[in-house]
Amino acid sequence: MDPEARKVIEMGYGGAERLTMNMGPQHPSAHGVFRAILTLQGETVVGMDAVIGYLHRCHEKLGETLTYTQYPSIASKTDYVAAMSSELAYVRAAELLGKIEVPKRAQYLRVLVGELQRIASHCVWLGTWCMDMGGALGGGATVFLYCIREREMVLDLFEALVGARLLYGFHQVGGTRYDLPAGWVQTCRETVDFIDRRIGEWEDMLEDNDFFLARARGVGVISRELAQEIGISGPLIRASGVNYDIRRAEPYSSYEDFDFKVPVETAGDCYARYRVRMVEFRESSKIVRQVLDGLPAGPISSRPGVKSVGQVRIPKGEAYARVEGPRGEVGCYLVADGSAKPYRMKWRGASFSNLAVLPHIIPGHKVADVVAIMGSVDPVFGEVDR
Amino acid sequence: MLIQDRLGAPAGGEERALVVTVPAAQWRELAGFAKETLGCRYLSFLSAVDWKEEGLEVMARVENLDDNVSLTVKTRLGPGESHCQSLVAVYRGADWMERECYDMFGIRFDGHPDLRRILLPQDWEGHPLLKSYAVDTPHPPYR
């Protein structure tokens, strides 16, 4: 934060006075616990200091004390809105280090749940973002309730698959823990077809709404340069004109078998981020259908199921594994010492880097835009604070 | 090859995932070189590893997104040493990452504009990711 912006001038009537305003940590638009200390001049933000850490649970220290079989189910608690992708990042790092093969069917299942998770996660993003912008969208809760209703259908699929709705424990080192139950494939097809139709309705609701366009277009522009230096990823960096998707750059889990488009927008504003995610919705359902069409038979794991906590040992070495989560690059850097627990585990949370861009782009905007920009970044604080 | 000529440090790793280790004095120079000459403008993450009596190791991963090449840069600070050059002047994203590193490992980044804790409360004692910090360290009035 600019030291000049920290100075608070006493209230007066000249119009150029500064006021420090606290926003959060319990602000509804924070999507968790996030505190922004804003310095305002009139209604314009001139400085912003972000305070994070309210949800810190010491995941990295915890990772050093838990074994490779115990930790994957804890990994889901970093990004709890997209638990499938964080679990995958951890087990993939362990598999890279241990040179553990993953059967083709397990790879396809991982893609399947990863893409369904992206749909569910983007539903939460769209709903909450539109609710943040509230009044402009005619009451505000409409889009939210529509999105949450559709997300429930995806969660029902996950519940039928693993028995849990939010935190799954689906992945294990060497494959997956569960196979598809009978009738699941048919329900899954019907669900993605249904959601695909709904996406069109949401777009019609929003893109014909002048208030929505006024609040999203040209607001919160992230330049290509800034995007790279901060290290933002996922829909944010693709909305800033950088064609960067890990599923393309470094295909993992057989992503090279599927045909999908990586949307890129150049404007870098809230509307561009919105457009990127709307296209991703459809691309994800496209991938889901391809997985269901081409799902190979065979085992779902190259290793036996979890029986004891110390059964996976990883040889000495280090590896960085990353996956393209709904919010961007979810990475896990593991240093192994040959025992059943990692020596060091580093989480590269997509939301942490994405959120770090806020103090750079918010100054100059109105207070109301802070909410719109924050929502368009789509942070999950479990992943920011870890 | 270019890295070796310029910095005298051989690059290891795979063809598209290079690893370079340099002395701590060359840390910022290496980052500037990676960004300007190698085109690694994307900062993926910056972190550290505590190697106990061998001291702390700071590492960062930067990428050239156009050519799809990643570079992992590392430096050993040496036993008992906790000062390191800051990369904020090169990568603005290093700001929060170095604060996290300071918070967790107590590494002081020289040249950082605003080095304070980021995840833990400002009055927290100790740096939890150091190996010398026990998981069950008591914190009165809590356990």
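Tutor: Welcome! Let us start with one definition: two strands count as paired if DSSP finds at least two bridges between them. Keep in mind that the model here is predicted.

Student: Thanks! In general, how do strands in a sheet hold on to each other?

Tutor: Strands of a sheet pair through backbone hydrogen bonds, and the pairing may be parallel or antiparallel. In chain A, S6(A) and S7(A) pair in the antiparallel sense, over nine bridges. To find your place, look for Gly317(A), which stands opposite Ala336(A) in S7(A).

Student: Does anything lie against that sheet, I wonder, and what does helix H4 of chain A touch there?

Tutor: H4(A), residues 83–98, packs on the sheet and touches S6 and S7 of chain A. The direction of H4(A) makes about 150° with that of S6(A).

Student: And what is the strand order of the whole sheet?

Tutor: This is an open sheet of three strands in the order S6-S7-S8 (chain A), with antiparallel pairing. Strand S6 (317–325) and S8 of chain A are at the edges with a single partner strand each, so each has one side without a neighbour in the sheet. From one strand to the next, the twist averages 15°.

Student: Now for helices. Which two quantities describe a packed pair?

Tutor: Packed helices are described by the angle between their axes and the distance between the axes. Try helix H5 (residues 104–132) and helix H6 (residues 141–162) of chain A: their axes come within 8 Å and cross at roughly 165°.

Student: Why are H5(A) and H6(A) given the orientation they have?

Tutor: An angle over 145 degrees counts as roughly antiparallel, and H5(A) and H6(A) are therefore roughly antiparallel to each other. Their crossing is left-handed.

Student: Which residues of H5(A) and H6(A) meet?

Tutor: On H5(A) they include Leu116(A), Ile119(A) and Cys123(A), and on H6(A) they include Phe144(A), Cys147(A) and Ile148(A). By class, this contact of H5(A) with H6(A) has 16 nonpolar, two polar and two charged residues.

Student: May I try the next pair? At what angle do H7(A) and H12(A) cross?

Tutor: Helix H7 (residues 184–207) and helix H12 (residues 270–294) of chain A cross at roughly 160°, and their axes come within 10 Å. By the reasoning you have just used, H7(A) and H12(A) are therefore roughly antiparallel. The crossing of H7(A) and H12(A) is left-handed. Among the residues in contact are Val185(A), Arg189(A) and Glu203(A) of H7(A), with Phe281(A), Arg282(A) and Leu292(A) of H12(A). The classes here are nine nonpolar, one polar and five charged residues.

Student: How do I judge a single residue: is His127(B) buried, exposed or partly exposed?

Tutor: Count the C-beta atoms around it: 20 or more within 10 Å means buried, and 12 or fewer means exposed. His127(B) has 19 such neighbours and so counts as partly exposed. You will find His127(B) in the segment after strand S7 (108–110) of chain B. Setting aside residues up to four places away in sequence, His127(B) touches Asp103(B), Met104(B), Phe105(B), Gly106(B) and Tyr133(B).

Student: Finally, how many residues join chains A and B?

Tutor: Interface size is often given as the accessible area lost when the parts come together, but here let us look at contacts. In this model, 27 residues of chain A are in contact with 21 residues of chain B. Several elements of chain A each supply at least two residues to that side, including helix H2 (59–65) and helix H13 (350–355). S7(A) gives the most, with four residues. By class, the side of chain A touching chain B has eleven nonpolar, eight polar and eight charged residues.

Conventions:
Residues numbered from 1 in each chain as written. Chains lettered and ligands numbered in written order. Predicted model: local features only at pLDDT ≥ 70, side-chain atom pairs only at ≥ 80, totals over all residues. Contact = placed C-beta atoms within 7 Å. Nonpolar A, V, L, I, M, F, W, Y, C, P; charged D, E, K, R; others polar. Axes fitted to C-alpha atoms, helices over the stretch in contact; angles between N-to-C directions. Parallel < 35°, antiparallel > 145°, perpendicular 65-115°, else oblique. Left-handed = near helix turned anticlockwise from the far one by under 90°.
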